[in-house]
Amino acid sequence: MCMDPIADFLTRIRNASLAKHRFLEVPSSKIKKEIANVLLKDGYILSYKIEKDKKTIKIALKYSQEETSVIQKIVRISKPGLRKYCKYKKLPRVLNGLGIAIISTSNGVITDKQARKKRIGGEILCYVY
């Protein structure tokens, strides 16, 4: 039994990109689908597909022409033991705007840039760059 499914999801992505795998499968959940959707919209992964029969998400990782992963680092911020919440005025800038912070808000899972534009805060799930 996994105590923190989001951390497990991020760790699987990190390990697969370090091992230069093209695809990876993770157990499916609503929050994982939303995080994968944010990663797809911001260009960190090529695609994702929800396998209904296996209840998994199949993710196609993205690499540059030099065969280095587009995701250099993916870090879990808010943990089950210590949640990190932030108002929209104090949302973090990841690598001075080059990376993204994935935020769970009342409007769903969005990036820090979208949260600033909508003027809403929330729980900081992770940093990606």
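Colleague: Which residue of strand 3 does Tyr-48 stand opposite?

Modeller: Tyr-48 faces Ile-59 in strand 3. Keep in mind that this is a predicted model. Ile-59 has a bridge partner in Leu-24 as well.

Colleague: How many bridges join strand 2 and strand 3?

Modeller: Strand 2 and strand 3 pair over six bridges, in the antiparallel sense. Their hairpin has four residues between the strands. There, Lys-55 takes a positive phi near 60 degrees.

Colleague: And strand 1 with strand 3, over how many bridges?

Modeller: Strand 1 pairs with strand 3 (residues 56-61) over five bridges, again antiparallel. One pair of bridge partners is Glu-25 and Lys-58, the latter in strand 3.

Colleague: Which helices pack on the sheet?

Modeller: Helix 1 (residues 5-18) touches strand 1 and strand 3. Its direction makes about 165 degrees with that of strand 1. Helix 2 (residues 30-41) touches strand 1, strand 2 and strand 3. The direction of helix 2 makes about 155 degrees with that of strand 2.

Colleague: What is the strand order of the sheet?

Modeller: The order is 1-3-2, in an open sheet of three strands with antiparallel pairing. Strand 1 (23-27) and strand 2 (45-51) each have a single partner strand, so one side of each has no neighbour in the sheet. Neighbouring strands are turned by 20 degrees against each other on average, direction ignored.

Colleague: How do side chains lie along a strand?

Modeller: In a regular strand they alternate between the two faces of the sheet.

Colleague: Why is strand 3 largely enclosed by the rest of the structure?

Modeller: Count its buried residues, meaning those under 20% relative accessible area. Five of the six residues of strand 3 are buried, so the rest of the structure largely encloses this strand.

Note on methods
Residues numbered from 1 in each chain as written. Predicted model: local features only at pLDDT ≥ 70, side-chain atom pairs only at ≥ 80, totals over all residues. Heavy atoms only, no water. Pairing = 2+ DSSP bridges. Helix = DSSP H or I, 4+ residues; strand = E, 2+ residues; numbered from the N terminus. Axes fitted to C-alpha atoms, helices over the stretch in contact; angles between N-to-C directions. Contact = heavy atoms within 4.5 Å. Buried < 20%, exposed > 50% of the residue type's maximum accessible area, 1.4 Å probe, protein only.
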